[in-house]
Amino acid sequence: MEIRMIICMLFFALCFMGCGGAPSVRTYGSTEEVTEVNSAMDPGTEAETVEVRSVDEIRVYVCGAVKNPDVYRLPEGSIVKDALEAAGGTREGAADGFVNLAEKLTDGEKIYFPYATELDAIYDSDPEMTGAEAGNGADDGLIDINKATKDELMTLPGIGSGKAEAIISYREEHGAFGSIEEIKKVNGIGEKLFDRIRSLITF
C-alpha cells in the first residue's frame, strides 16, 4: 500500500513540473510588450519578446500657447479639444476661439495655438485679413505649395512632417504644381484632406 502511494505522489510531482507559465504582458502607454514563453524551451533559454503597437492610435504635435507642448498619442477619432486637454490646456494670453476644437485629428498633425498678441500684430498689419489667413502667416494668407518650406506646409491642417516631405519630394520629381488640385496626386493626400486645405493653398 505504501509503495502505491509513493508511486502516485511521484506521478503527480512529474505532472506539475511539466506545466508551462502564462505569457507576461507589460503595457507602456498604448504600446504593449508581450513576452512569449515556450514550455518546450531548454532551461536558460531567453524568452522571445514581441512589441505590439496599437493600430487605433494617432500621434499629434501640440504647440504654441499650451502648458505642455509635445507630441501626444491619442485614440483614433480624437478631436482638437482632446489634444488640448492632453497638453494641459492653454496658457494665459492664448487666443480663445481661434482654433476649431471640434475638428477631427489625423495622424502626424501639428496643432498650433497662437497667443492673442500674435494675432493682434497680424491684424494690425492688415486689418482686412481673415482669421484663417492670419493663421497661415503668409503675406496673402495662402500657402504657396510650389515654394513653401516643410515648416510652412506643416501649418496646414492635417499636414504633418511626413506629408510635408512628400509634397516637397513630389514637386522636386515632377516640377511645379500646375493647380492646387494636383496636390491630390501626392501620396497620403486624398479628397477629404484636400477639402480641408483647398481654401488655404495656392500655386
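**Accessibility, salt bridges and a pocket**

Reader: Why is Glu165 called partly exposed?

Author: Its relative accessibility is 41%. Buried means under 20% and exposed means over 50%. The value of 41% lies in between, so Glu165 counts as partly exposed. This is a predicted model, and the figure is computed from it.

Reader: What makes Lys150 and Glu165 a salt bridge?

Author: Their side chains meet at 2.7 Å, N to O. The cut-off is within 4 Å, so the pair qualifies.

Reader: Which helices does that pair tie together?

Author: Lys150 lies in helix α5 (residues 150–153) and Glu165 in helix α6. The two residues are 15 apart in sequence, so the pair ties together separate parts of the chain.

Reader: Why does Lys150 count as partly exposed?

Author: Its relative accessible area is 28%. That falls between the 20% and 50% limits, so the label is partly exposed.

Reader: How do you know that Glu103 and Arg196 form a salt bridge?

Author: Their closest N and O atoms are 2.3 Å apart. The limit is 4 Å, so this is a salt bridge.

Reader: What makes this a link between distant parts of the chain?

Author: The partners are 93 residues apart. Glu103 sits in the loop between α2 (80–86) and β6 (110–113), and Arg196 in helix α7. Glu103, Glu109 and Arg196 are also linked in a network of salt bridges.

Reader: Why is Arg196 called partly exposed rather than buried?

Author: Its relative accessible area is 22%. Buried needs a value under 20%, so Arg196 is partly exposed. Glu103 has 23% and gets the label partly exposed as well.

Reader: How do you know that Glu191 and Lys184 pair up in a salt bridge?

Author: N to O, their side chains meet at 3.0 Å. That is within 4 Å, so the pair counts. Glu191 is partly exposed at 45%, and Lys184 is partly exposed at 30%. A search of the whole structure finds six salt bridges.

Reader: Why is Arg171 said to have no salt bridge?

Author: The nearest side chain of opposite charge is Glu172, 6.1 Å away. A salt bridge needs a distance within 4 Å, so Glu172 does not qualify. Arg171 is buried all the same.

Reader: Where does Arg171 lie, and what does it touch?

Author: Arg171 is in helix α6 (residues 161–174). Leaving out residues up to four places away in sequence, its contacts are Ile145, Asn146, Lys147, Ala148, Ala176 and Phe177.

Reader: Why is Phe194 called buried?

Author: Its relative accessible area is 1%. Buried means under 20%, so Phe194 qualifies. Phe194 is in helix α7 (residues 191–197). It touches Ile180, Glu181, Ile183, Lys184 and Ile201, not counting residues up to four places away in sequence.

Reader: How many Å separate the C-alpha atoms of Phe194 and Pro157?

Author: The separation is 9.9 Å, for residues 37 apart along the chain.

Reader: Which residues are closest to the centre of the second largest pocket?

Author: The pocket holds about 300 Å³ of space. Of its 15 lining residues, Lys104, Leu105, Thr106, Lys192 and Arg196 are the closest to the centre. Two elements, β4 (57–64) and α7, give two or more residues to the lining.

Reader: What does α7 give to that lining, and how does the lining divide by class?

Author: α7 gives the most, with three residues. By class, the lining has nine charged, four nonpolar and two polar residues.

Terms used: Residues are numbered from 1 along each chain as its sequence is written. This is a predicted model: local features need pLDDT of at least 70, side-chain atom pairs count only at pLDDT 80 or more; totals for chains, interfaces and linings use all residues. Side-chain values use heavy atoms; hydrogens and water are left out. Helices (H or I, at least four residues) and strands (E, at least two) are DSSP runs, numbered from the N terminus. Buried means under 20% relative accessible area, exposed over 50%, partly exposed in between (1.4 Å probe, protein chains only). Lys and Arg count as positive and Asp and Glu as negative; His and the chain ends are not counted. Contact means heavy atoms within 4.5 Å. On a 1 Å grid over the protein atoms alone, a cavity is a set of points where a 1.4 Å probe fits but cannot get out, and a pocket is an open set with protein on both sides within 12 Å along at least five of seven lines; lining residues have an atom within 4 Å of a point. Grid points are joined across faces, edges and corners, and a volume is the space filled by probe spheres set on the points. Ala, Val, Leu, Ile, Met, Phe, Trp, Tyr, Cys and Pro count as nonpolar, Asp, Glu, Lys and Arg as charged, and the others, Gly among them, as polar.
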